Amino acid sequence: MINAEAVGWRVGGAQILDDVSLTVGAGELLGIIGPNGAGKSSFVNILSGVTRPSSGRIMLQGKEVTDASATRRARMGLARSFQTSALFDGLTAGENVRLAVQAAGSAVLSPFRGAGSATSEVIDSLLTRVRMPGRARTLARDLSHGDRRKLELAMALASEPAVLLLDEPMAGVSAEDVDGLTEIIGEVRDSGVAVAMVEHHMHVVLGLADRVAVLHHGQLLAVGAPPEVTGDERVQQAYLGEAL
Ligand SMILES: Nc1ncnc2c1ncn2[C@@H]1O[C@H](COP(=O)(O)OP(=O)(O)OP(=O)(O)O)[C@@H](O)[C@H]1O
């Protein structure tokens, strides 16, 4: 669904990413881990079109998108969530989702297309998908941190993406909400979406991911099933002292 081929990114003389090749297939969840500053967010930015790589190419559903804008990639079925919250605090959860559905409807060929259109059923079904039924009228600013992250996920799903990129979806979320979010993200993967997820909660990544990629100093140190990766000596060295 999405392939990075030999991606490199240099900024001001620093090699932030070096020869990174990764693939995520439909219905697969790729966990991306690595120590702070390893290049994980930079890589997600390159996949989503926020940043252009200095070398290599990005393929989305078989088409090259290396130079395509983030908007064009969204039209081609890619959605992402950001590390920082992208919600409108003064609007309700339902209004936030409505905006996302309308934005998707204007950009993407979807059943929701056209209408100033987001019906309450569509909004309710997205909120139900993220286990927030009945929260449509709650102001975003009054939601718990965990519910805010779920709402962001509902908004990312509004375009019915084929590929979903998640940058630390559990950041700052309570342990109880981590379990809920983990289940929701697993269901999204099981529905056939290709999911790439950067996440620091190691037990979540190792429990949820089909494959895990480890970035270290901008290079791909290892990629494979979770037990293969945690058993890799170079990975253990990179995380020296940290429990994997
Ligand atoms: N626009 C930029 N210009 C210069 N350097 C950058 C830029 N963006 C990121 N970097 C540098 O690239 C390196 C990788 O950063 P990045 O945020 O991708 O790492 P990360 O693995 O996501 O880290 P974290 O886990 O802390 O979020 C860091 O050294 C960072 O300072």
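Author: Two residues are in contact, or touch, if their C-beta atoms, placed from the backbone, lie within 7 Å. This is a predicted model, in which local features need pLDDT of at least 70 and side-chain atom pairs count only at pLDDT 80 or more, while totals for chains, interfaces and linings use all residues. Residues are numbered from 1 along each chain as its sequence is written.

Reader: Thanks! Which residues does Asn3 touch, not counting residues up to four places away in sequence?

Author: Let us place Asn3 before naming its contacts: Asn3 is found in strand 1. Strands here are DSSP runs of E with at least two residues, and helices are runs of H or I with at least four, both numbered from the N terminus. Leaving out residues up to four places away in sequence, Asn3 touches Thr23 and Met59.

Reader: Is Asn3 buried, exposed or partly exposed?

Author: A residue is buried if 20 or more other C-beta atoms lie within 10 Å of its own, exposed if 12 or fewer, and partly exposed in between, with C-beta atoms placed from the backbone. Asn3 has 18 other C-beta atoms within 10 Å, so Asn3 is partly exposed.

Reader: Which strand forms a hairpin with strand 1?

Author: Strand 1 (residues 2–11) pairs in the antiparallel sense over seven bridges with strand 2 (residues 14–24); two strands pair if DSSP finds at least two bridges between them. Ile2 stands opposite Val24 there. Two residues lie between the strands, and Gly12 in the turn has a positive phi of about 50°, so to close the hairpin with strand 1 we have strand 2.

Reader: In what order do the four strands of the open sheet stand?

Author: Besides strand 2, strand 1 pairs in the antiparallel sense with strand 4 (residues 55–60) over five bridges, and Arg57 is the bridge partner of Glu5. Strand 4 in turn pairs with strand 5 over two bridges, again in the antiparallel sense, with Met59 opposite Glu64. Put together, the four strands run in the order 2-1-4-5.

Reader: Which strands stand at the edges of that sheet?

Author: An edge strand here has a single partner strand, so one side of it is left without a neighbour in the sheet. That description fits strand 2 and strand 5 (63–64).

Reader: On to strand 7: how many of its residues are buried?

Author: Strand 7 covers residues 163–167 and is largely enclosed by the rest of the structure. Val163, Leu165 and Asp167 point one way, Leu164 and Leu166 the other way, and all are buried. The count of buried residues in strand 7 is therefore five of the five.

Reader: What is the handedness of the crossover from strand 7 to strand 8?

Author: Strand 7 pairs in the parallel sense with strand 8 (residues 194–198) over five bridges, and Val163 stands opposite Ala194. The chain crosses between these two strands through helix 6 (residues 175–190). A crossover is right-handed if, with the strands pointing away from the viewer, the path from the first strand over the helix to the second runs clockwise. By that test, this β-α-β crossover is right-handed.

Reader: Which helix gives the most to the largest nonpolar core?

Author: A nonpolar core is a set of buried Ala, Val, Leu, Ile, Met, Phe, Trp, Tyr and Cys residues joined through C-beta atoms within 7 Å. The largest one has 72 residues, and those with the most contacts inside it are Val97, Ala154, Val163 and Val195. With six residues, the element giving the most to this core is helix 5 (residues 145–157).

Reader: How far apart are the centres of domain 1 and domain 2?

Author: The protein is divided into domain 1 (1–77 + 162–244) and domain 2 (87–160), with bounds from an automatic or database domain assignment. Taken over C-alpha atoms, their centres are separated by 25 Å.

Reader: Which element gives the most to the side of domain 1 that touches domain 2?

Author: The contact takes 13 residues from domain 1 and twelve residues from domain 2. On the domain 1 side, the elements giving two or more residues are helix 2 (70–75) and helix 6. With five residues, the one that gives the most is helix 6.

Reader: Last one: within what arc do the buried residues of helix 4 fall?

Author: In helix 4 (residues 120–129), Ile123, Leu126 and Leu127 are buried. The arc is that of the directions from the helix axis to the C-beta atoms. Seen down the axis, the buried residues of helix 4 line one face of the helix because they fall within an arc of 100°.
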